[in-house]
Amino acid sequence: MSTTGRDLTRRLRLLLALGAVTTVALFAAYRGVHDDTVPLASSSTPGILAVDTARTALQRAHAAVDGRAAGDTTGEFHTQMSVAHQSIAVAASENVTGPADRHTLQTVTGLITVYSAWVERAGKETDPSLRAAYLHYAEQGRNDIVDRLDELRAEQVRVAREQASFPWPLRLGWGAVLVLCLVLCAALVEAQRFARLRFRSAVHPPLLAATVLCASGVAVLGWFTVRAHAAMRDSLAELDTTRSADEIPEAGADVGRYLADAGLWASLSAWILVGGALLMALIWVGLWPRVAEYRFRVPR
C-alpha cells in the first residue's frame, strides 16, 4: 500500500506548525526591539534635552543676576527664566519616567517661582547687605532646583538606556528565530525534494515561494533590527552626557538622524503576521492538492 498520502499529510502538518511558530517568534522578537525605537526618538530624547535646556537656562539666569546692578529686574534673567519654564513644560509633556517625572517637575516649577521671587526682591533692594542675603537665598534655591533636575535626568537616561538595551531574552528570542527559520527552510526544501521524486515535478512553485519568503523575510527584518539597535546605541551615547545650550540642538538633530526610520521599522511588525499568513497559505496551496488526491483513494 502506498504511503505517499500519509507522508504528504505529515509534511503538511509539520510545515504549517513550523510556519506558525516561526511567525509568532519573529513577531515577538521584532516587537521586543522596535517597540522602543519610537518612544526613544519621540519622547525620551526631547524630555532629556528639555531638562538640559532648563538646567542651562537656570545657570545663565543666575550668572546674569550675579553681574547686574541693584534695581535691574529686566533683561537676560527674565529671558532665561522664560526658557526654563518652557523647557520644563516640554519635559512634563514627554513624561519619560511616568508619575515620578510629573511630580518632580511640579516641585521644580514651584521652586523656580520661589527662586524668581528672591531674585526680584534682590533686584529691588538698594541695601547691599540685604541684596546679598536675598541673592544667597536665591542661590540656595537654584542649587536645589539643579540637583532635582540632575536626579530627574539620571532617571530619564536610565529609561532611555533600557529602551536602547538588547538584553539576553531578546538575544535568545532572535537566536530561536534564526534556528526556526533554518529548520523551516530545510523542511520546505525536503518537501520539495519529496514532491519532485514522487510526482516527477522539477519545480514546486508554491513551496519554492514559501522558502524564498521565509528566508528573505527573516533576513530583511534581522537587518532592520541590527540597524535599529545601532541607531539606539548611538542615540544613547548622545544623551549620556549633559549638554550645554549650544550643543543641545546639535544633539537633538543627531538623534533625529539616527532614528529617522524608527517609525518605518516599527510599522513593519504588523506585516510579519501578514507574511506568516501568506507563508502558510503557500504551504497549503503547495501540498494540500496532492494530499487530497490520496484521501479517498482505495488501497490496492
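The legends below walk through five close-up views of this predicted model. Residue numbers count from 1 along each chain as its sequence is written, and side-chain values rest on heavy atoms, without hydrogens or water. Local features need pLDDT of at least 70 and side-chain atom pairs count only at pLDDT 80 or more, while totals for chains, interfaces and linings use all residues.

**View 1. An aromatic cluster of W118, Y134 and Y137.** The structure holds three aromatic pairs, a pair being rings of Phe, Tyr and Trp (its six-membered ring) with centres within 6.5 Å. Planes under 30 degrees apart count as stacked, over 60 as edge-to-face and the rest as tilted. For W118 and Y134, the ring centres are 5.7 Å apart and the planes meet at 35°, so this pair is tilted. W118 sits in helix α4 (residues 99-124) and Y134 in helix α5 (residues 128-164), so the pair ties together parts 16 residues apart in sequence. Helices here are DSSP runs (H or I, at least four residues), numbered from the N terminus. W118 and Y137 also form a tilted pair, with centres 4.9 Å apart and planes at 55°. Y134 is buried at 13% relative accessible area, whereas W118 is partly exposed at 25% and Y137 is partly exposed at 40%. For these words, buried means under 20% relative accessible area, exposed over 50% and partly exposed in between (1.4 Å probe, protein chains only).

**View 2. The surroundings of S116 in helix α4.** S116 is buried, its relative accessible area being 17%. Setting aside neighbours within four places in sequence, S116 is in contact with F77 and M81, where contact means heavy atoms within 4.5 Å.

**View 3. N95, a residue with positive phi.** Most residues other than glycine have a negative phi. Here the phi of N95 is near 50°. You will find N95 in the loop between α3 (76-94) and α4, and the residue is partly exposed, with 27% relative accessibility.

**View 4. Helices α7 and α8, packed roughly antiparallel.** The axes of α7 and α8 (residues 248-258) come within 9 Å and cross at roughly 170°. Axes are lines fitted to C-alpha atoms, for helices over the stretch in contact, with angles from 0 to 180 degrees between N-to-C directions. Angles under 35 degrees count as roughly parallel, over 145 as roughly antiparallel, 65 to 115 as roughly perpendicular and the rest as oblique. On the α7 side, A231, D234, S235, E238 and L239 make the contact, and A251, D254, V255 and Y258 do so from α8.

**View 5. Salt bridges involving helix α5.** The whole structure has 11 salt bridges, each a side-chain nitrogen of Lys or Arg within 4 Å of a carboxyl oxygen of Asp or Glu. R153 bridges to D52, with the closest N and O atoms 2.5 Å apart. R153 belongs to α5 and D52 to helix α2 (residues 37-66), so the pair ties together parts 101 residues apart in sequence. R153 is buried at 6% relative accessibility, and D52 is buried at 0%. Another bridge joins R161 and D240 (2.8 Å, N to O), linking α5 with α7 across 79 residues. Within α5, R148 and D144 lie four residues apart, about one turn of the helix, and their closest N and O atoms are 3.3 Å apart. Finally, E155, R158 and E162 are linked in a network of salt bridges.

Key: Helix = DSSP H or I, 4+ residues; strand = E, 2+ residues; numbered from the N terminus.
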